[in-house]
Amino acid sequence: MAGGGGDELKLLGMWASPFALRARLALSFKGLSYEYVEEDLKNKSQLLLSSNPVHKKVPVLIHNGKPVCESQVIVQYLDEAFPAAGVSLLPSDPYDRAVARFWAAYIDDKFTPSWQKASLGLTEEEKAEALKQMLVAVDNLETAFKECSKGKPFFGGDTVGYLDITLGAVVGWARAGEVLFGRKLFDATRSPLLEAWMDRFVALDVVKAVLPDNGRLIEYGKMRMAHYAKLAAAAAAAAHSK
């Protein structure tokens, strides 16, 4: 499909990947049409391996035959390559843009790893420590939302921006996690601004169109939990046998 002006856009992704969802969200908010290719990560296609030979991971955006890798890079690339399409994702002001990039890096480097480990750590101690780090990260992101949104509905202000898409990629798993782990990622007590933001974000038609089915995510999550439980049992058995 054409992204506009004869541009050919293809996205290699995996339905449950929040990083692939991030790229899909960006494409949707930019109003760009594209061909979506679902990857089997246990049997990666030659196209994926040749398009992303360094990491061999999704998502990969292929624009007129040229691959762009890494979800945050893809979002920025789409905003720059199609400036007239849809909403502008990155702030126009250089300082605001730098702040947005800082918090986007924080989401990927601090928030997401601690959130994942708090749920899927191999030991209870590891989970407890990760939960502490996750709560600190949520507090910091609550502050970031207050500063970036300036009292408006989204990180980007009146409309969805770069940080909304960066953090918005986790909302599917955040909702599934409420069922899987009995814990809300954002709540009215600790992070009321983020809780209200998430409700607004998932209510958008553009988001609904690409968000994975919640029931399917829950089933996939149960399978992942069983996998990590086996790893934890094996690690415990190995430690005990020493």
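Which helices do the buried residues of α5 pack against? Here, buried means under 20% relative accessible area with a 1.4 Å probe and protein chains only, and packing partners are judged by contact, that is, heavy atoms within 4.5 Å. They are α4 (94–120), α6 (162–168) and α8 (192–203). Elements are numbered from the N terminus as DSSP runs (helices H or I, at least four residues; strands E, at least two).

The model is predicted, with local features needing pLDDT of at least 70 and side-chain atom pairs pLDDT 80 or more, while totals for chains, interfaces and linings use all residues. Residues are numbered from 1 along each chain, and side-chain values use heavy atoms, leaving out hydrogens and water.

Back to α5: at 1.5 Å a residue, its 26 residues (124–149) should span 38 Å, and the 36 Å between the end C-alpha atoms agrees with that. The expected span is 1.5 Å times one less than the number of residues. Among the buried residues of α5 are A130, M134, A137, V138 and L141. Right after the helix, K150 takes a positive phi of about 55 degrees.

M134 turns up again in the lining of the largest cavity, along with W115, S119 and W173, among others. A cavity is a set of points on a 1 Å grid over the protein atoms alone where a 1.4 Å probe fits but cannot get out, and lining residues have an atom within 4 Å of a point. This cavity holds about 70 Å³ of space, the volume being the space filled by probe spheres set on points joined across faces, edges and corners. The largest share of its lining, five residues, comes from α7.

Definitions and conventions. Buried means under 20% relative accessible area, exposed over 50%, partly exposed in between (1.4 Å probe, protein chains only). On a 1 Å grid over the protein atoms alone, a cavity is a set of points where a 1.4 Å probe fits but cannot get out, and a pocket is an open set with protein on both sides within 12 Å along at least five of seven lines; lining residues have an atom within 4 Å of a point.
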